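Got your viewer open and a selection box ready? Let's walk through a few helix contacts and a pocket, one stop at a time.

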Amino acid sequence: MAVTDHEIPPRLRSLKPRDARFLGVMLGLGYSEPANGQSIQNHINSSNNPQQAAKDLLNKLETKLLPEQEIAWIDKSNHRILINSFMYLYELLLSLPDPNNHPSFAYLNNPPYETRYENIILALDCWPATLQEKRDMIANIKEQYTQKIAPKKWINWLKPDQDQQISYTMHYIKSQNLGLPVPTPGNTKEAYDYLVGLFDDIFRRSPETLELTLMKMRKGWSQQKYRQSSKAKKQVYFSLGKNAREQLDKLVQMEEKSKSDIIEALILGTKDQTT
């Protein structure tokens with residue numbers, strides 16, 4: 001006999017976002033379509049034994065999902081923790097015989113920045129393991145994060161609000177074939193989180209490699225800053241006709257730049273057109 005809405009267990013009737021995502025997967029709706037009250041009721045009433053179907057869904061939640069307080073350490077706003085958590089699960093996944101067919105593969109395969117937290121939690125929830133085994137996984141992630149991340153003094157030189165520095169560092173790691181199995185960052189903030197997570201990943205494998213990489217990186221950045229600074233420029237003197245001086249003065253006002261910057265830009269622009 002079909003069950004009515006008020007006969008459905010309270011946890012199924014008022015789904016939390018995490019429960020809804022997990023049950024959406026369990027019901028075959030997919031990650032992009034979380035379960036809701038209607039889809040739950042439809043699933044239960046389409047079963048030969050609706051009462052048992054409701055109990056089975058509730059049992060999945062209770063035996064597969066760790067309580068919220070046990071995963072609270074994975075802070076949604078802390079992308080350093082998120083990347084470390086992701087890398088632990090991702091490497092654990094790759095160590096299995098057939099990772100592509102693992103229930104959590106879809107959520108660890110190139111997860112977007114915006115849903116990184118949700119993907120990590122769903123991968124953990126869908127992982128075929130007991131609650132105790134999942135507790136052990138959380139403990140391992142926490143130990144890895146607290147004991148095996150790049151020292152603060154090594155990465156303090158990298159500033160999250162310095163666009164040029166972050167851009168240089170991203171180009172450098174690309175030139176060295178270094179990276180993480182996540183999408184390319186879309187802005188400076190994402191790139192900073194990505195780089196710190198990458199430094200942690202390199203440090204876990206080889207602190208010496210990270211130390212050498214950072215040394216070369218910082219040296220290259222210092223050289224680039226010097227080349228871009230006025231210290232790397234030599235003074236030159238030349239004469240300009242009256243008309244040229246007047247045009248230069250107009251350009252200075254229009255562009256709000258110095259005369260030397262205007263002349264340098266004009267010369268370099270001419271060079272680009274002739275090469």
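Before the first stop, one convention: angles under 35 degrees count as roughly parallel, over 145 as roughly antiparallel, 65 to 115 as roughly perpendicular, and the rest as oblique. Keep in mind, too, that this is a predicted model.

**Stop 1: helix 12 and helix 13**

Select helix 13, residues 207-228, together with helix 12; their axes come within 5 Å and cross at roughly 135°. An angle of that kind falls into the remaining class, so helix 12 and helix 13 are oblique to each other. Now show side chains: from helix 12, pick Phe-199, Ile-202, Phe-203 and Arg-205, which meet Pro-207, Thr-209, Leu-210, Leu-214 and Met-217 of helix 13. Colour this contact by class and you should find seven nonpolar residues, one polar and one charged.

**Stop 2: helix 6 and helix 12**

Keep helix 12 (residues 188-205) on screen and add helix 6 (residues 79-94): this pair packs at about 50°, with axes 9 Å apart. That angle makes helix 6 oblique to helix 12. The two form a right-handed crossing. On the helix 6 side, select His-79, Arg-80, Ile-83, Asn-84, Met-87 and Glu-91; their partners in helix 12 include Lys-189, Asp-193, Tyr-194, Asp-200 and Arg-204. What is the division by class in the contact of helix 6 with helix 12? Here there are four nonpolar, three polar and eight charged residues.

**Stop 3: the second largest pocket**

Tyr-194 leads us onward, being one of the residues that line the second largest pocket. Add Met-170, His-171, Ile-173 and Lys-174, then Leu-178, Val-182, Pro-183, Thr-184 and Pro-185, to complete the lining. Which helix gives the most to this lining? Helix 11, residues 163-175, does, with four residues. The space in this pocket comes to about 170 Å³. Its lining has seven nonpolar, two polar and one charged residues.

**Stop 4: helix 2 and helix 8**

Finally, select residues 17-26 (helix 2) and 116-126 (helix 8), which pack at about 55° with their axes 10 Å apart. Helix 2 and helix 8 are therefore oblique to each other, and helix 2 passes helix 8 in a right-handed crossing. Display Arg-18, Arg-21, Phe-22, Val-25 and Met-26 in helix 2 against Glu-118, Ile-121, Leu-122, Asp-125 and Cys-126 in helix 8. By class, this contact of helix 2 with helix 8 has six nonpolar and four charged residues, with no polar ones.

Key: Residues numbered from 1 in each chain as written. Predicted model: local features only at pLDDT ≥ 70, side-chain atom pairs only at ≥ 80, totals over all residues. Heavy atoms only, no water. Axes fitted to C-alpha atoms, helices over the stretch in contact; angles between N-to-C directions. Left-handed = near helix turned anticlockwise from the far one by under 90°. Contact = heavy atoms within 4.5 Å. Nonpolar A, V, L, I, M, F, W, Y, C, P; charged D, E, K, R; others polar. 1 Å grid on protein atoms, 1.4 Å probe; cavity = no way out; pocket = protein on both sides within 12 Å on 5 of 7 lines; lining within 4 Å. Points joined across faces, edges and corners; volume = space filled by probe spheres on them.
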